[in-house]
Amino acid sequence: MHILLVDNSNVYGGIPKVTVALANAMVDRGHRVTVLNQKPVSRFSYPLYKIGYWVYAKSLPRHI
């Protein structure tokens, strides 16, 4: 089984440590584990993020 663990926290300490402990326990049991760490976008960079996403969306092929 392949397990995806998502850690959306922007802190050090408890939540990341629990995520890693859970991932290690699942690997010990024979599972494949992927950990995704997705940090929130800061207010300063949010306009740049929106522009970047708009450019990315425009670069995708269009289906008719």
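**Exercise 1. Which side chains along S1 point to one face and are buried, and which point to the other and are not?**

Before you start: this is a predicted model, where local features need pLDDT of at least 70, side-chain atom pairs count only at pLDDT 80 or more, and totals for chains, interfaces and linings use all residues. Numbering starts from 1 along each chain as its sequence is written, and side-chain values use heavy atoms, with hydrogens and water left out.

Step 1. Find the strand: S1 covers residues 2-7. Strands (E, at least two residues) and helices (H or I, at least four) are DSSP runs, numbered from the N terminus.

Step 2. Recall the rule that side chains in a regular strand alternate between the two faces of the sheet.

Step 3. Sort the residues. Ile3, Leu5 and Asp7 point to one face and are buried, whereas His2, Leu4 and Val6 point to the other face and are not. Buried means under 20% relative accessible area, exposed over 50%, and partly exposed in between (1.4 Å probe, protein chains only).

**Exercise 2. Place S1 in the overall layout.**

Step 1. Count the elements: you should get two helices and two strands, running β-α-β-α from the N terminus on.

Step 2. Look for the partner strand. S1 pairs with S2 (residues 32-37) in the parallel sense, over six bridges; for a pair, DSSP has to find at least two bridges between the strands. Leu5 stands opposite Val35 in S2.

Step 3. Check the contacts, meaning heavy atoms within 4.5 Å. Of the protein's contacts with a separation of 6 or more, 62% are between residues 24 or more positions apart.

**Exercise 3. Work out what surrounds Asp7.**

Step 1. Is Asp7 buried or exposed? Asp7 counts as buried because its relative accessibility is 4%.

Step 2. List its contacts, leaving aside neighbours within four places in sequence: Ile15, Pro16, Thr19, Leu36, Asn37 and Gln38.

Step 3. Follow Thr19, which sits in helix H1 (residues 14-28). Thr19 has a relative accessible area of 11%, so it is buried. With neighbours within four places set aside, Thr19 touches Leu5, Asp7 and Val35.

Step 4. Now take Pro16, also placed in helix H1. At 23% relative accessibility, Pro16 counts as partly exposed. Pro16 and Asn37 are 21 residues apart in sequence, and their C-alpha atoms are 8.9 Å apart in space.

**Exercise 4. Find and describe the aromatic pair.**

Step 1. Get the rule straight. Rings of Phe, Tyr and Trp (its six-membered ring) pair if their centres lie within 6.5 Å; planes under 30 degrees apart count as stacked, over 60 as edge-to-face and the rest as tilted.

Step 2. Apply it: the count comes to one aromatic pair. Tyr53 and Tyr56 form this tilted pair, at 6.2 Å centre to centre with 45 degrees between the planes.

Step 3. Why are Tyr53 and Tyr56 separated by about one helical turn? Because they are three residues apart in helix H2.

Step 4. Check the accessibility. Tyr53 is exposed at 52%, while Tyr56 is partly exposed at 47%.

**Exercise 5. Spot the nonpolar surface patch.**

Step 1. Name the members: Leu48, Ile51, Trp54 and Val55 form the patch, with about 450 Å² of accessible area together. Areas come from the Shrake-Rupley method with a 1.4 Å probe; for residues, only the protein chains shown count as cover.

Step 2. Zoom in on Ile51, found in helix H2 (residues 46-59). Its relative accessible area is 52%, so Ile51 is exposed.

Technical notes: Patches are made of residues with over 30% relative accessible area and no salt bridge: like charges are joined within 9 Å, nonpolar side chains (Val, Leu, Ile, Met, Phe, Trp, Tyr) within 5 Å. A salt bridge is a side-chain nitrogen of Lys or Arg within 4 Å of a carboxyl oxygen of Asp or Glu.
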